[in-house]
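User: I have a protein model to read and would like to go through it in questions and answers. Please explain the terms along the way.

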Amino acid sequence: MALWIFRKDGCLGPKVYSEVPDGGWGWIVAVAFFLVEVFTYGVIKSFGIFLKDLIYEFNESNSRVSWVISICVFVMTFTAPLSTVLSNRFGFQPVVILGGFLISLGTISTAFTSYISQIYITIGIVAGLGYCLTFLPTVTILSQYFSKRRSLVTAMASTGESFAIFAFAPAFTALKTHIGWRHTMVVLGILQGTIVICGLLLRPLIIKPKTTNESFTQPLKSTKQEIIYSDMDSELHGSCSSGGAQSLEQPEQSLKVVGQQKEVALFQIPQSQQDQSQEEPSRSKLLDLTVLKECSFVCYAAFGLFATLGFFAPQLYVMELSASMGTERDKAAYMLSIMAVAEIFGRLSIGWILSWGRIRKIFVLLGCVMLMCLVLVLFTVVKGFWGLAVCCVLYGFLLGNIASTHIPMLAEDDVVGIKRMPLAVGVYVCIQSFAGLAGPPLGGVLVDITQNYSSAFYSCAAGMGLGALFLGLVRPANTGHLCTKKCFSPCQNIPVVEHVSEDKVMPEEFQEVNNPQGQS
């Protein structure tokens, strides 16, 4: 029964379309991604409601308890290549189901811990690994189901974490006052089991273009002439490559032999192509590290590394910065709520702007990153509650713009493209993990040295500025203006159709040619 569900003809088997659907079952995947956002990043950002309970329960310092989330986020991002390998080997569905099980197991196990070091394992490692196995495969398959609407749908679905902050913070705060933090963890872990159901809904996408019968009803004479002329072009191209002078008598003598050899091969093409397509998955790469040789991806990965440094300071230090400027702490607590509301609007608006299609998407992202850099500096200049509130609105709006687009941007041709995104996303997120681990300690050291919370915002602005610099180099690197491309031979400009021999299958594109060049 379980095997039938995931087979091609099963109720949760692959979905077959003639082109990217831009909808269809993709809407179900979008809902699944929304729920995954709720129970992954939404829970991580709301975990602060348990910090005081853990400090009191285990008699630990604030810094030691804060390492729970730091370890969780690091494991989640650093193990991204593992998520890529497992997804390419076993598919998205089983990987996300396993991730949902680990998340639920880690959260529920936290309720039975006796030391803070045990929570490092349950939440930091077990749940952190589950978050990694859940988030990346979901956002990757969502990008495959959409093309024109990809940016808008991804932005809308990614608002799940923002809505979760509103729902979880008051709900679980009230719940733990009645049943305690340990039982609240059990309830949260059971709710996170919803991710397992979301994993079942991630049906693989298969694109099978519509085929016409024209290519199979062409006269045999026309097809033989196509092969003959392609072989003659191959002979001429070979002579050009070798640099020698070859008479036209040799191609003429080989025309008869070529025609006789291909007459039998024509009837064997369908079976040969079928065998070739069956061998393709076995030769596919589980982890594509060759993207590190591409200038465009390296620049984009450097952008992700440095820009991540600009994501932590406002959430960690905006309340303390506001209090240091004379704002009451009760009012300072509203800063995070203001950011969350603005982030929702930011995610929705960037999706609409990118789906508009008038401006290249990577340039829109570059503009958001540059504005983010200015806003981080503005935090240190403004005074009073309303000044910081305006900065929080701008920061939350731009954070929603960047957070909902930087990973789906890998699917654009300016970076790696939709075909290589599943292989490259793990490498990209893994590179980001180092900034996520080093960012908060770096800001803390600067605050301890300068005794000024503004220094943390300056460090984030510097990282965001470097990220904008590398992001601006992605497009020139992709078009070849930054990196020199190789030129192989003077004969490269000669249009040549691939030579077909007895032991080589004729390419499918060659069968679709209606008017061979040799007949013009």
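Analyst: One term comes first: pLDDT is the predictor's confidence in each residue, from 0 to 100. This is a predicted model, in which local features need pLDDT of at least 70 and side-chain atom pairs count only at pLDDT 80 or more, while totals for chains, interfaces and linings use all residues. Residues are numbered from 1 along each chain as its sequence is written, and side-chain values use heavy atoms, with hydrogens and water left out.

User: In which helix is confidence highest?

Analyst: Helices (H or I, at least four residues) and strands (E, at least two) are DSSP runs, numbered from the N terminus. The protein has 24 helices and two strands, and its mean pLDDT is 75. Confidence is lowest in helix α24 (residues 508-511), with a mean of 35, and highest, at 96, in helix α7.

User: How many contacts beyond four places in sequence does the model have for residues 214-283?

Analyst: Contact means heavy atoms within 4.5 Å. Throughout residues 214-283 the pLDDT stays under 50. For this stretch, the number of contacts beyond four places in sequence is 58.

User: Are α6 and α8 parallel or oblique to each other?

Analyst: Axes are lines fitted to C-alpha atoms, for helices over the stretch in contact, and angles run from 0 to 180 degrees between N-to-C directions. Angles under 35 degrees count as roughly parallel, over 145 as roughly antiparallel, 65 to 115 as roughly perpendicular and the rest as oblique. Helix α6 (residues 80-90) packs against helix α8 (residues 116-145) at about 60 degrees, the axes being 9 Å apart. Therefore α6 is, relative to α8, oblique.

User: How many residues of the contact of α6 with α8 are nonpolar?

Analyst: Leu 82 and Leu 86 are among the α6 residues that meet α8, whose side includes Cys 132 and Pro 137. Ala, Val, Leu, Ile, Met, Phe, Trp, Tyr, Cys and Pro count as nonpolar, Asp, Glu, Lys and Arg as charged, and the others, Gly among them, as polar. In this contact two residues are polar, none is charged, and the nonpolar ones number eight.

User: Is Ala 307 buried or exposed?

Analyst: Ala 307 lies in helix α15 (residues 295-307) and touches Gly 463, Met 464 and Gly 467, leaving aside residues up to four places away in sequence. Buried means under 20% relative accessible area, exposed over 50%, partly exposed in between (1.4 Å probe, protein chains only). Because its relative accessibility is 2%, Ala 307 counts as buried.
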